Amino acid sequence: MTHPASGISGRARVLSMSRRARVLSASLAAAVLVPFGAVTAAAPAAAAAAPKVTCTSARAGLAPELRKHITAALKNRKGTVAVGFHDRTTHTACSLRGHSSFDSASVVKVTVLAALLWDAQKSGRALSAREKSLATAMITKSDNAATSTLWRQLGGAAGVKGFLRAAGMSGTVPGAGGSWGLTRINATDEQRLLALVTGENTVLTGPSRSYVLELMGEVVPAQRWGTPAGAPSGVSKHVKNGWLKRSTHGWRVHSIGAFHGGGHDYTLSVLTHGNTTMDYGVATIQGVARVIHKDLASAARRHVPASHGS
């Protein structure tokens, strides 16, 4: 499987996949130092219990079914995985490591677009032709140069923080300087972002929400992996993915998606790191996505609305 790279270096787009990964990893290692606390000697402690998938639902039987199948999909998978899921139709939600923090890679580009639209809303203006061109490249092709341009226009981390406060994304920390790909994110905040994009709220207007979903629905075919895997036909699929390799935690591979139509209205965020390869991370995400899509479709088939005919 071939996946166009989505890292920090713009010239990476013209290299092979493996060359792009090496260039990206090297550039990040040279430019970013991630401090870790010193390790001190201590008596061995009992291992903490692994986090468990939690689900709630207004639809009888759906929560335990989702919990069981998501857990099974992740059994024996290496690395760290966080999941956020919410379905408005059945009032169902699932979470795993909702507040665990990950380097964002390119999924932050949806946040950048939302911040751009929010900033334009404050002054009552529409996006310029130039901004639309940059936004389209940023989301549909995961263009890094376009993202860097918009990040600088917003004022970098300081400018994006205003949107994050308005959005209630308190666990998201913008990357320093121009390192937007090192923004720290979690599944809970990504679900908050998708909720703002897909439902009426006071942060993003209807036209702004429609524009974000429009671009996420036009992502190039080579980048439509991840959360859309296994989605039912007849459901509109809106996605943004991110992938990044660093010397610690290996590959970060993430996918966020929104799905609507055919009686469905739900969002899904799957964040991972500690993957040995990019494809391994993709497979983990798609394993989770497939069981969620399947369980929702099965629940819809089992649910027969009460007849109101004569």
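These exercises work through one predicted model.

Residues are numbered from 1 along each chain as its sequence is written. Local features need pLDDT of at least 70, side-chain atom pairs count only at pLDDT 80 or more, totals for chains, interfaces and linings use all residues, and side-chain values use heavy atoms, with hydrogens and water left out.

**Exercise 1.** State how confident the predictor is along the chain.

*Solution.* Start with the score: pLDDT is the predictor's confidence in each residue, from 0 to 100. The chain averages 87. At least 70 is reached by 82% of the residues. Next, find the weak stretches. Residues 1-45 stay under 50. They still have 59 contacts (heavy atoms within 4.5 Å) beyond four places in sequence. Residues 306-310 are also below 50. That stretch has zero contacts beyond near neighbours in sequence.

**Exercise 2.** Describe the make-up of the chain.

*Solution.* Count the elements: nine helices and eight strands. Both are DSSP runs numbered from the N terminus (helices H or I, at least four residues; strands E, at least two). Then check burial. Of the 310 residues, 51% are buried. Buried means under 20% relative accessible area, with a 1.4 Å probe and protein chains only.

**Exercise 3.** Explain why strand 6 is largely enclosed, then find its partner.

*Solution.* Strand 6 covers residues 236-245. Seven of its ten residues are buried, so the rest of the structure largely encloses it. Now look for pairing, which takes at least two DSSP bridges between two strands. Strand 7 (residues 251-261) runs antiparallel to strand 6, joined by ten bridges. One bridge pairs Val239 with Gly257 in strand 7. Finally, inspect the hairpin: five residues lie between the strands. His249 has a positive phi near 65° there.

Conventions. Buried < 20%, exposed > 50% of the residue type's maximum accessible area, 1.4 Å probe, protein only.
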